Amino acid sequence: MASISTKVGNFSLDNPVILASGILDETSGSILRSIRSGAGAVVTKSIGMKERKGYPTPVISEISTGLLNAVGLSNPGIDNFIEEFKNFPEKKRTIVSIFGGSVEDFVTLARKVEGAGFDKIELNLSCPHVQGVGSEVGQDADLVESIITEIKERTNLHIWAKLTPNVTDIISLAKASEKADAYVLINTLRATGVEIYSRKFVLANIVGGYSGPGIKPVALRAVYDVYKETGKDIVGVGGITNWQDAIEFFLVGARAIQIGTALLYEDYPIYKKINNGITQYLDSEGFSGLDEIVGVMVNDGTLQGH
Ligand SMILES: Cc1cc2nc3c(=O)[nH]c(=O)nc-3n(C[C@H](O)[C@H](O)[C@H](O)COP(=O)(O)O)c2cc1C
């Protein structure tokens with residue numbers, strides 16, 4: 001049977017399907033449930049310096065091609081998070097997502113995460129709807145570079161940089177993040193929605209992030225562009241609902257994938273379903289391991305020059 005183990009930087013995973021930040025990952029219990037259900041790793045909800053309540057409701061709205069959300073980075077704050085995860089048994093398979101408004105915030109958060117016994121972080125440089133943090137920080141290539149350089153110098157953490165797709169030039173951002181161990185592409189797209197009879201916006205915050213099947217082509221393009229330009233390790237995320245979607249991301253350069261919105265629809269069996277599908281695809285196509293298909297549509301020259 002083909003192997004679906006993978007490596008992102010020096011992080012080895014038994015399988016490539018990871019829980020994305022912000023979906024059913026608010027408590028240690030719900031995170032553990034994803035791991036026990038077959039996720040190769042999990043990313044926590046993004047954690048900041050202080051507790052944030054988030055935006056007034058409605059914060060989520062379902063549309064035909066996915067979800068709109070403006071949760072507003074609600075989170076318990078780093079100190080409460082550390083307390084909650086004190087005796088968490090799966091720290092090695094957990095990537096702690098952090099967000100901040102300055103280099104100092106990010107470094108302080110990273111050091112606290114490391115002090116609490118975790119060894120991997122994902123930098124949320126990309127939340128599309130909260131002022132002063134997220135993609136406002138993440139669109140500033142110099143700031144992104146300083147954040148990653150400082151964390152690398154002052155901790156031993158394995159770092160994933162989650163970049164915003166809400167820019168025209170994602171390559172510059174990727175290059176500014178090159179000291180990270182891997183890129184995570186993509187966060188949600190800035191979007192809004194209108195209810196025609198109440199004549200109200202569907203989200204209290206008006207603008208939110210768009211996720212789910214409708215954003216998959218954008219995410220695939222981001223992975224393809226960044227892999228082609230940098231050849232670096234990438235974790236693909238955006239609209240992945242089934243194993244076929246996952247394979248598409250591997251073929252254009254992702255070494256692992258994350259699922260968010262689909263977990264809300266498909267529930268916890270989704271991890272095993274996707275992993276089984278990947279194994280069957282590799283077997284039936286004559287590959288012995290997942291690494292054989294990563295980036296083939298970029299590396300074998302078939303797309304060069306187009
Ligand atoms: C309700 C909700 C909350 C989210 N919260 C976060 C978050 O706290 N940090 C983050 O980096 N991404 C967050 N995201 C973005 C997801 O991690 C993911 O990048 C995005 O939803 C695209 O993947 P998907 O189409 O599989 O959902 C959130 C997405 C949703 C739908």
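The following legends describe close-up views of a predicted model.

**View 1. The closed barrel of the predicted model, with its strands paired in parallel.** Eight strands make up this barrel, as the closed barrel of 8 strands runs in the order 3-4-7-8-9-10-15-16, and from one strand to the next the twist averages 25°. Helix 3, residues 103–115, packs on this sheet and touches both strand 7 (94–98) and strand 8 (120–124), and the direction of helix 3 makes about 155° with that of strand 7.

**View 2. The pairing of strand 3 with strand 16, and the helix that lies across them.** Strand 3, which covers residues 17–19, pairs with strand 16 in the parallel sense over 3 bridges. Within this pairing, V17 has I257 of strand 16 as its bridge partner. Helix 10, made of residues 270–284, lies across strand 3 and strand 16 and runs at about 160° to strand 3.

**View 3. The open sheet of 4 strands, with antiparallel pairing.** In this sheet the strand order is 5-6-14-11, and its edges are formed by strand 5 (60–63) and strand 11 (189–191), each of which pairs on one side only. The twist from one strand of the open sheet to the next averages 35°. Strand 11 is joined to strand 14, residues 208–211, by antiparallel pairing over 3 bridges, and R190 stands opposite G209 of strand 14. As background to this view and the two before it, strands of a sheet pair through backbone hydrogen bonds, in either the parallel or the antiparallel sense.

**View 4. The largest pocket and the residues that line it.** The largest pocket holds about 730 Å³ of space and has a lining of 43 residues, of which S21, G22, I23, N69 and T188 lie nearest its centre. Strand 6 (66–69), strand 16 (254–259) and helix 9 (261–266) each supply at least two residues of this lining, and helix 9 gives the most, with 5 residues. By class, the lining of the largest pocket divides into 18 nonpolar, 20 polar and 5 charged residues.

**View 5. The contact of helix 7 with helix 8.** The axes of helix 7 (residues 216–230) and helix 8 (residues 243–251) come within 9 Å and cross at roughly 25°, which means that helix 7 is roughly parallel to helix 8, since angles under 35 degrees count as such. On the side of helix 7 the contact is made by K216, A219, L220 and V223, and on the side of helix 8 by D245, E248 and F249. Sorted by class, the residues of this contact are 4 nonpolar and 3 charged, with no polar residue.

**View 6. Two cis peptide bonds and a positive phi, shown in loops between strands.** As background, most peptide bonds are trans, and most residues other than glycine have a negative phi. A cis peptide bond joins T57 to P58, with omega about -5°, and P58 lies in the loop between strand 4 (41–43) and strand 5. The peptide bond from L185 to I186 is also cis, with omega near 15°, and I186 has its place in the loop between strand 10 (182–185) and strand 11. I206, although not a glycine, has a positive phi of about 65°, and I206 is found in the loop between strand 13 (200–201) and strand 14.

Notes: Residues are numbered from 1 along each chain as its sequence is written. This is a predicted model: local features need pLDDT of at least 70, side-chain atom pairs count only at pLDDT 80 or more; totals for chains, interfaces and linings use all residues. Side-chain values use heavy atoms; hydrogens and water are left out. Axes are lines fitted to C-alpha atoms, for helices over the stretch in contact, and angles run from 0 to 180 degrees between N-to-C directions. Angles under 35 degrees count as roughly parallel, over 145 as roughly antiparallel, 65 to 115 as roughly perpendicular and the rest as oblique. Contact means heavy atoms within 4.5 Å. Ala, Val, Leu, Ile, Met, Phe, Trp, Tyr, Cys and Pro count as nonpolar, Asp, Glu, Lys and Arg as charged, and the others, Gly among them, as polar. On a 1 Å grid over the protein atoms alone, a cavity is a set of points where a 1.4 Å probe fits but cannot get out, and a pocket is an open set with protein on both sides within 12 Å along at least five of seven lines; lining residues have an atom within 4 Å of a point. Grid points are joined across faces, edges and corners, and a volume is the space filled by probe spheres set on the points. Two strands pair if DSSP finds at least two bridges between them.
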